[in-house]
Amino acid sequence: MRFDTLIVNGTVATASDTFQADIGIEHGKIIVIGKSLPKDNAAKIIDAAGKLVLPGGIDVHTHLDMPFGGTTSADDFETGTRAAAFGGTTTIIDFAIQYKDQSLRTAFDTWMQKAESRAMIDYAFHCIITDLPDARLDEMNAMVREGVTSFKLFMAYPGVLMLDDASIFKALQMSAKNGAMVCMHAENGSAIDVIVKQALAQGKTAPKYHALTRPTTAEAEAVGRAVALAEMAGAPLYIVHLSSFDALEKVREARDRGLPVYAETCPQYLYLSLEDMDKPGFESAKYVFTPPLREKWNQEKLWTGLKHDQLSVVSTDHCPFCFKEQKELGKDDFTKIPNGGPGIEHRMSLIYSGGVADGRFSLNRFVELTATTPAKLFGLYPKKGTIAVGSDADVVIFDTKRKHTISAETHHMRVDYSMFEGITVTGMPDIVISRGKILVENNSFFGKAGSGNFLKRSTYGDVPKVAGVGL
Ligand code: URP
Ligand code: ZN
Ligand code: ZN
């Protein structure tokens with residue numbers, strides 16, 4: 001048997017099992033998993049003794065090269081996917097935005113152009129719908145045929161991105177028919193707008209008021225409303241960037257009733273809190289994103305939600321803006337601070353460290369949250385998200401003992417600060433492989449711009465339902 005690459009002596013971890021095995025890779029695919037595989041015909045041998053062999057991470061929520069808040073997110077598809085690879089993520093799902101009066105196809109074409117010659121890892125798109133007259137409903141089916149099988153809708157940002165409930169309901173009805181998944185930004189934008197205007201009228205312009213004007217009740221109300229609309233439409237629902245216990249309770253209730261409702265959270269809600277917005281001066285603009293940071297006690301509730309499958313996925317919502325010149329746009333008015341934070345690089349280590357190394361959940365649950373369930377919910381499984389014969393050879397050799405202190409001095413994201421500055425994680429990727437090719441080894445990068453492939457995804461409706469993911 002011939003292999004392009006043979007990984008030997010490692011401990012393989014999937015969402016269900018942990019076992020000692022060698023992995024043979026040929027033409028970008030895993031072709032055999034077994035004990036003591038023959039080394040004679042392997043072009044390259046990687047010794048993974050003492051290391052974990054994990055499926056490449058899947059980050060289903062990134063915003064690369066995205067115009068937002070009067071500027072553009074600082075990482076493009078080249079710098080962002082390179083940083084992702086350094087952190088052990090080998091697939092992303094980004095967002096193509098449809099603006100008013102535009103077709104969904106225009107959104108897709110625009111984002112394909114941004115990504116095609118730049119992405120270093122494989123990528124797919126959700127389509128953000130901001131304008132959905134009845135005449136455009138059929139375009140959702142056309143997107144699904146192109147492999148864009150999920151749509152993000154906003155219940156926040158009135159006048160910019162927000163969709164009304166009728167349009168949301170119609171989109172959910174369409175997705176119930178075509179098998180797509182609706183991803184919901186759940187915050188009551190209309191109520192928040194009132195609170196924001198009142199704060200500004202009282203001269204409350206500092207960054208912390210971004211968080212104080214977006215209460216957890218506004219998030220929970222929108223989650224509850226989204227669940228009700230999805231239930232009426234008979235559609236599945238995925239809540240993005242869930243940040244608070246109040247909102248989590250709504251998801252838990254829906255799941256307890258057996259509804260196909262899922263939610264993700266992000267490392268910033270697990271590691272940071274409202275207290276981080278007490279930093280002096282304008283510093284706390286670094287933590288202005290939506291939903292905002294919450295009181296610290298919410299963090300442990302979210303970790304528990306991850307353990308007990310109330311939360312199904314950890315993504316990053318990577319939407320980086322430099323502190324200098326970008327975040328500074330809102331120096332005198334928090335509403336002008338571009339919303340978003342950088343995180344694409346450190347998701348795997350932060351979740352391994354806080355989840356597995358700190359004893360909150362199992363290694364297999366870690367794999368499920370960061371790779372397997374994202375692949376299953378978004379039509380990429382079993383090509384992505386697991387270590388199995390026939391799957392793409394997206395593999396991470398992970399050193400569970402290696403410690404790393406996160407810092408803007410050493411990170412690879414094109415942004416001048418880190419949200420997680422000074423946090424020491426336990427567990428780092430040593431080698432990152434995408435479709436059989438080594439992207440990262442010994443802190444060096446070997447990928448090239450444009451080597452990432454666009455992934456045409458199946459629908460949620462097409463993926464065989466398995467425990468924990470199906471109805
Ligand atoms: O503040 C955030 N989250 N920026 C990115 C856009 C979004 O709502 O996901
Ligand atoms: Zn959002
Ligand atoms: Zn986002």
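**Exercise 1. The surroundings of ligand 1**

How many residues surround ligand 1, and which are the closest? Describe the polar contacts of ligand 1 and how far the protein covers it.

*Solution.* The model to be examined here is a predicted one. Begin with the residues around the ligand: 13 of them surround ligand 1, and the closest are Lys-152, His-185, Thr-290, Asp-317 and Asn-339. Next, take the polar contacts one by one. The side chain of Asp-317 places a polar atom 2.6 Å from a nitrogen atom of ligand 1, while a polar backbone atom of Thr-290 lies 2.8 Å from an oxygen atom of the ligand. An N or O atom in the side chain of His-61 is 3.4 Å from an oxygen atom of ligand 1. Finally, consider the cover: on its own ligand 1 has 270 Å² of accessible area, and the protein covers 99% of it.

**Exercise 2. The backbone at two of these residues**

Find what is notable in the backbone at Asp-317 and at the bond that follows Thr-290, and place each in the chain.

*Solution.* Start with Asp-317, which is found in the loop between strand E15 (313–314) and helix H11 (347–357). Although Asp-317 is not a glycine, its phi is positive, at about 55°. Asp-317 counts as buried because its relative accessibility is 8%, and the cut-off for buried is under 20%. Then turn to Thr-290, whose peptide bond to Pro-291 is cis, with omega near -10°; Pro-291 belongs to the loop between helix H9 (267–271) and helix H10 (298–307).

For comparison, look at Asn-9, in strand E1 (residues 3–13), which likewise is not a glycine and has a positive phi, of about 70°. Asn-9 is partly exposed, because its relative accessibility is 38%.

**Exercise 3. The zinc site**

Which atoms coordinate the zinc ion (ligand 2)? Work out where two of the donor residues sit in the chain.

*Solution.* The donors are NZ of Lys-152, ND1 of His-185 and NE2 of His-241, at 2.1 to 2.2 Å from the zinc ion (ligand 2). Along the sequence, these donor residues follow the spacing K-x32-H-x55-H. The pair Lys-152 and His-185 links distant parts of the chain, since Lys-152 lies in strand E11 (residues 150–154) and His-185 in strand E12 (residues 181–185), 33 residues apart. Both Lys-152 and His-185 are buried. A further zinc ion (ligand 3) stands 3.9 Å from the zinc ion (ligand 2).

**Exercise 4. The largest nonpolar core**

Which members of the largest nonpolar core touch the most other members? Follow one of them through its contacts.

*Solution.* The core holds 124 residues, and those touching the most other members are Met-184, Leu-237, Ile-239 and Phe-366. Helix H7 (residues 216–233) supplies the largest share of this core, with eight residues. As a general background, nonpolar side chains in soluble globular proteins tend to be buried together. Now follow Ile-239: beyond its neighbours within four places in sequence, Ile-239 is in contact with Met-184, Ala-186, Val-223, Ala-226, Val-251, Tyr-262, Ala-263 and Glu-264.

**Exercise 5. The loop that holds Thr-386**

Is Thr-386 buried or exposed? Describe the loop in which it lies.

*Solution.* Thr-386 is buried, because its relative accessible area is 9%. The residue lies in the loop between helix H12 (363–377) and strand E16 (395–405). With residues up to four places away left out, Thr-386 touches Thr-14, Pro-55, Tyr-381 and Ser-391. Of these, Tyr-381 is joined to Pro-382 by a cis peptide bond, with omega near 5°, and Pro-382 is in the loop between H12 and E16.

**Exercise 6. Asn-453 and Lys-177**

Compare the accessibility of Asn-453 with that of Lys-177, and relate each to a residue elsewhere in the sequence.

*Solution.* Asn-453 is in the segment after strand E19 (444–445) and is partly exposed because its relative accessibility is 38%. Its C-alpha lies 6.3 Å from that of Tyr-123, although the two residues are 330 residues apart in sequence. Apart from residues up to four places away, Asn-453 touches Ile-121, Asp-122, Tyr-123 and Arg-435.

Lys-177, in helix H4 (residues 165–178), is exposed because its relative accessibility is 71%, and the cut-off for exposed is over 50%. Between the C-alpha atoms of Lys-177 and Asn-141 there are 9.2 Å, and along the chain the two are 36 residues apart.

Terms used:
Residues numbered from 1 in each chain as written. Chains lettered and ligands numbered in written order. Predicted model: local features only at pLDDT ≥ 70, side-chain atom pairs only at ≥ 80, totals over all residues. Heavy atoms only, no water. Core = buried A, V, L, I, M, F, W, Y, C linked by side-chain atoms within 4.5 Å. Buried < 20%, exposed > 50% of the residue type's maximum accessible area, 1.4 Å probe, protein only. Helix = DSSP H or I, 4+ residues; strand = E, 2+ residues; numbered from the N terminus. Contact = heavy atoms within 4.5 Å. Donors = N, O, S within 2.8 Å, 3.2 Å for Na, K, Ca; no water. Near = heavy atom within 4 Å. Polar contact = N/O pair within 3.5 Å; in protein donor to acceptor, adjacent residues only side chain to side chain. Areas by Shrake-Rupley, 256 points an atom, 1.4 Å probe, with all protein chains shown as cover.
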